[in-house]
Amino acid sequence: MTGTVITVAPTGAESSKADVPALPVTLDELVATAKECEALGAAIIHVHIRDAEARPTLDQGRLRATVSALRESTGLIVQLSSGGAVTDPESDRLAVLDAGPEMASCTMGTVNFGDDVFMNRWEFIVDLHFRMQERGIVPEYEIFDLGQLTSLQRLLGKHGLPFGGHVHVDLVMGVPGGMPATAAALVACEQALRDLPEGTTFSATGIGRGTIPVMLASLSTGGHLRVGLEDTITYAKGRPVESNMQLVARAVGFAQLAQRPPLTAAEARELLGVPAR
């Protein structure tokens, strides 16, 4: 692997605007963030949206407007979260695909999520997988624990490859209740990935203080990177993140030090099987 796909996850569903003023919650803020992060080296934007009161929402009108604005304003691959917030019903999470994203997340199992439970029943996973196949949406399989890679192997074996034929996963590391954000855990996942179809790629996300060790471990094992205010709100001890661009710039610097410079959105499309615009 000679380049690095950098994904920015700018908002998420957990932090509030009151607690994290840098969080982009309006459409204008999100588009401005996307343009700035693309200029720095991001290729994918992983999108959660907020309502007029800055609360997490899966409102169809807002989702469609967001996808349209990001496609018009940037060349980034637009990836919607099908996870939403832990309280969102399955029907609303499936309806995310109606907004027409180029990619969407597909979490491969239920996981304790701090004090909550992020529910992903097998039947829901299969339904999401089929709907993305039918609609030409490329999935990113979200992995919160090692066993979920075995579930992905089962999914692909029973129900076929995703649209585009390429398998890409994101290892989400450091969520309380999931796998730890350590190099050892990432290496264990990387070894398990070898049981998936040849050419499978992965990115890794380190939550909170795990962001730097996970970035370094991912780059050293051929993986890609996801960063953003969804995943970490502290740049260093006692130093809040000032913007998503600050996190993308650090990821770009690490990728360049690893002699794996950022891939453009067009190069990421070719790698991941996402159709050209």
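Where is the place of glycine 164? In this predicted model, glycine 164 sits in the loop that runs between H5 and strand S10 (168-173). Its relative accessibility is 49%, so glycine 164 counts as partly exposed; the exposed class would require a value over 50%. Glycine 164 and proline 139 are separated by 25 residues in sequence, while their C-alpha atoms are 9.4 Å apart in space.

The aromatic side chains come next. A pair of aromatic rings is described by two quantities, the distance of the centres and the angle of the planes. Searching the whole structure yields three aromatic pairs. One of them joins phenylalanine 113 and phenylalanine 118, with 6.2 Å from centre to centre and 80° between the planes, an edge-to-face arrangement. Another involves phenylalanine 113 and phenylalanine 144: the ring centres are 6.3 Å apart and the planes stand at 65°, so this pair is also edge-to-face, because an angle over 60 degrees places a pair in that class.

The positions of these residues along the chain add to the picture. Phenylalanine 113 belongs to strand S7 (residues 111-113), whereas phenylalanine 144 lies in the loop between strand S9 (138-143) and helix H5 (147-159); the pair therefore ties together parts that are 31 residues apart in sequence. Phe113, Phe118 and Phe144 make up one aromatic cluster. Within this cluster, phenylalanine 118 has a relative accessible area of 7% and is buried. Phenylalanine 144, at 6% relative accessibility, counts as buried as well, because the limit for that class is under 20%.

Aromatic rings also meet arginine side chains. Arginine 154 is placed over the face of tryptophan 122, at 3.8 Å from the ring centre. Arginine 250 lies over the face of tyrosine 235, at 4.1 Å from the ring centre.

Arginine 250 appears again in the packing of two helices. Two packed helices are described by the angle between their axes and the distance between the axes. For helix H7 (residues 211-220) and helix H8 (residues 244-257), the axes come within 10 Å and cross at roughly 35°. The crossing of H7 with H8 is right-handed. On the H7 side, the contact involves Thr211, Ile212, Met215, Leu216 and Leu219; on the H8 side, it involves Arg250, Ala251, Phe254 and Ala255. Sorted by class, this contact has seven nonpolar residues, one polar and one charged. Arginine 250 thus counts as the charged class, because Arg is listed there.

Terms used: Residues numbered from 1 in each chain as written. Predicted model: local features only at pLDDT ≥ 70, side-chain atom pairs only at ≥ 80, totals over all residues. Heavy atoms only, no water. Phe/Tyr/Trp six-rings, centres within 6.5 Å; stacked < 30°, edge-to-face > 60°. Buried < 20%, exposed > 50% of the residue type's maximum accessible area, 1.4 Å probe, protein only. Helix = DSSP H or I, 4+ residues; strand = E, 2+ residues; numbered from the N terminus. Lys NZ or Arg CZ within 6 Å of the ring centre and 35° of its normal. Axes fitted to C-alpha atoms, helices over the stretch in contact; angles between N-to-C directions. Left-handed = near helix turned anticlockwise from the far one by under 90°. Contact = heavy atoms within 4.5 Å.
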